[in-house]
Amino acid sequence: MPEVVISGTGLYTPAGAISNDELVNAFNAWVDQENDKNKVAIAAGELEPLARSSSEFIEKASGIVNRYVVNREGVLDPQRMVPLIPERSNEDISVQCEMALHAARGALAQAQVDPSQVDMIIVACSNMQRPYPAIAVEIQQFLGGGGYGYDMNVACSSATFGIKSAVDAIRSGSAKRVLMVNPEICSGHLNFRDRDSHFIFGDACTAVLLESEDIAKRKDGYRVLGCHLWTQFSNNIRNNFGFLNRADEAGIGKSDKLFVQNGRKVFKEVCPQVAKHISEHLESLALHPSDLSRLWLHQANLNMNQLVARKLLGREPAAHEAPVILNEYANTSSAGSIIAFHKHSLDLKSGDKGVICSFGAGYSIGSVVVEKQ
């Protein structure tokens, strides 16, 4: 079987940035309005007042300071608190395709590959703009790629599962060059009126080009040593939005049609499993955690990443060993670990090894062990 290399990565960052202070000001203005509207019921003890948020609370709970969104308008309006992303006609390019083209062209340029040489495209992300036609096929059309494409969804683990699918396609001979793209518009499914989660997500798009090593022009990419996937059903991270919602009007507009989670249970159950998952993956490759120069972890929560790194390494990791980007980008779902890889992989030397790992709803965990060429 041919060796597979990551020969290019790309990143699209939306122009709209929202700081914690801006988000908190909008949230607290809404809270004050609601509490004032219900002041009689609150005074009578019939209703609990809504709690305000704070930038200090957000940073301590998550490590997040800023996030980028497709459109700030609407999110910071206390009367709306939903991003304003106008629908486009069927003849216009979709929002996710537009984001993907920016990231894809960056990955192709780094790999010195023309779009026409791509013979497979995978779009892997938490939410698709539409069920069909596939966003991947639209990207194929506007990018000028060949071959075929399809969409897949494994929530926050979509990118690592997408890489595994790309590696398998190349090793089986189904493709020689695969473009794996993660256009995440997380602001679209975030409840900006929920104190426990209104700060979590941001928007971004990443792209990864994988090639058979024998045809790769770039010679300082990353060889894929192995991929390891794991899933186990859990209700602790959920989003019930779907095409059947209209079949029961009673559920339309309910909070479970947006992102919901039991954060404490997720933290307690997922972190140990992630460290175990990576350890077992390394062992299967005759490697040890001490052989790793870098951990590109899923960027959901700073405390989670620090705990996973400590459990895996058996010590406190240095900042460069487990780089963090969520302070700037927040949680971008499947794109997070790829943003970390994109921004913090060029400095390693030939022979250095690392692991890209994502984890989230499912539960799902995916890890990709790589070695610098």
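1. A word on terms to begin: contact here means heavy atoms within 4.5 Å. By that criterion, helix 7 is in contact with helix 8 through V266, F267, V270, C271, P272, V274, A275, I278 and S279, which meet N303, M304, L307, V308, K311 and L312 of helix 8. Sorted by class, this contact has 12 nonpolar, two polar and one charged residues. Please keep in mind as you read on that the model is predicted.

2. Now for the geometry of that pair. Two packed helices are described by the angle between their axes and the distance between the axes. Helix 7 covers residues 263-284 and helix 8 covers residues 302-313; their axes lie 9 Å apart, at an angle of about 40 degrees. The two helices are therefore oblique to each other. As for handedness, helix 7 and helix 8 make a right-handed crossing.

3. Helix 1 (residues 20-37) and helix 3 (residues 55-62) are another packed pair, with an angle of about 120 degrees and axes 9 Å apart. That angle makes helix 1 oblique to helix 3. The crossing of helix 1 past helix 3 is right-handed. On the helix 1 side the contact residues are N20, D21 and V24, and on the helix 3 side they are S55, I58 and E59. The class split for this contact is two nonpolar, two polar and two charged residues.

4. Helix 4 and helix 5 (residues 135-143) have axes that come within 10 Å and cross at roughly 60 degrees. This pair is therefore oblique, and helix 4 passes helix 5 in a right-handed crossing. Helix 4 brings Q96, C97, A100, L101, A104, R105 and L108 to the contact, while helix 5 brings I135, E138, I139, F142 and L143. Of the residues in this contact, nine are nonpolar, one is polar and two are charged.

5. You may like to look at helix 4 again when you turn to the pockets. Which helix gives the most to the lining of the second largest pocket? Helix 4 (residues 95-111) does, with four residues. The volume of this pocket is about 150 Å³. It has 13 lining residues, and the closest to its centre are Y12, V70, R88, V95 and E98. By class, the lining of the second largest pocket has nine nonpolar, two polar and two charged residues.

6. How many cavities of 30 Å³ or more does a search of the whole structure find? The search finds two. The largest cavity holds about 50 Å³ of space. Its lining is made by I6, G8, T9, Q110, R218, Y222, F341, H342, S345 and L346. Strand 1 (4-12) and helix 10 (335-343) each supply at least two of these lining residues, and strand 1 gives the most, with three. The lining of the largest cavity has four nonpolar, five polar and one charged residues.

7. Last comes the second largest cavity, with about 30 Å³ of space. The residues that line this cavity are I18, L23, R67, V69, V75, L190, F192, H198, F199 and F201. Their classes are eight nonpolar, one polar and one charged. If you plan to compare the two cavity linings, the class counts to set side by side are five polar residues for the largest cavity and one polar residue for the second largest cavity.

Key: Residues are numbered from 1 along each chain as its sequence is written. This is a predicted model: local features need pLDDT of at least 70, side-chain atom pairs count only at pLDDT 80 or more; totals for chains, interfaces and linings use all residues. Side-chain values use heavy atoms; hydrogens and water are left out. Axes are lines fitted to C-alpha atoms, for helices over the stretch in contact, and angles run from 0 to 180 degrees between N-to-C directions. Angles under 35 degrees count as roughly parallel, over 145 as roughly antiparallel, 65 to 115 as roughly perpendicular and the rest as oblique. A crossing is left-handed if the near helix is turned anticlockwise from the far one by less than a right angle, and right-handed if clockwise. Ala, Val, Leu, Ile, Met, Phe, Trp, Tyr, Cys and Pro count as nonpolar, Asp, Glu, Lys and Arg as charged, and the others, Gly among them, as polar. On a 1 Å grid over the protein atoms alone, a cavity is a set of points where a 1.4 Å probe fits but cannot get out, and a pocket is an open set with protein on both sides within 12 Å along at least five of seven lines; lining residues have an atom within 4 Å of a point. Grid points are joined across faces, edges and corners, and a volume is the space filled by probe spheres set on the points.
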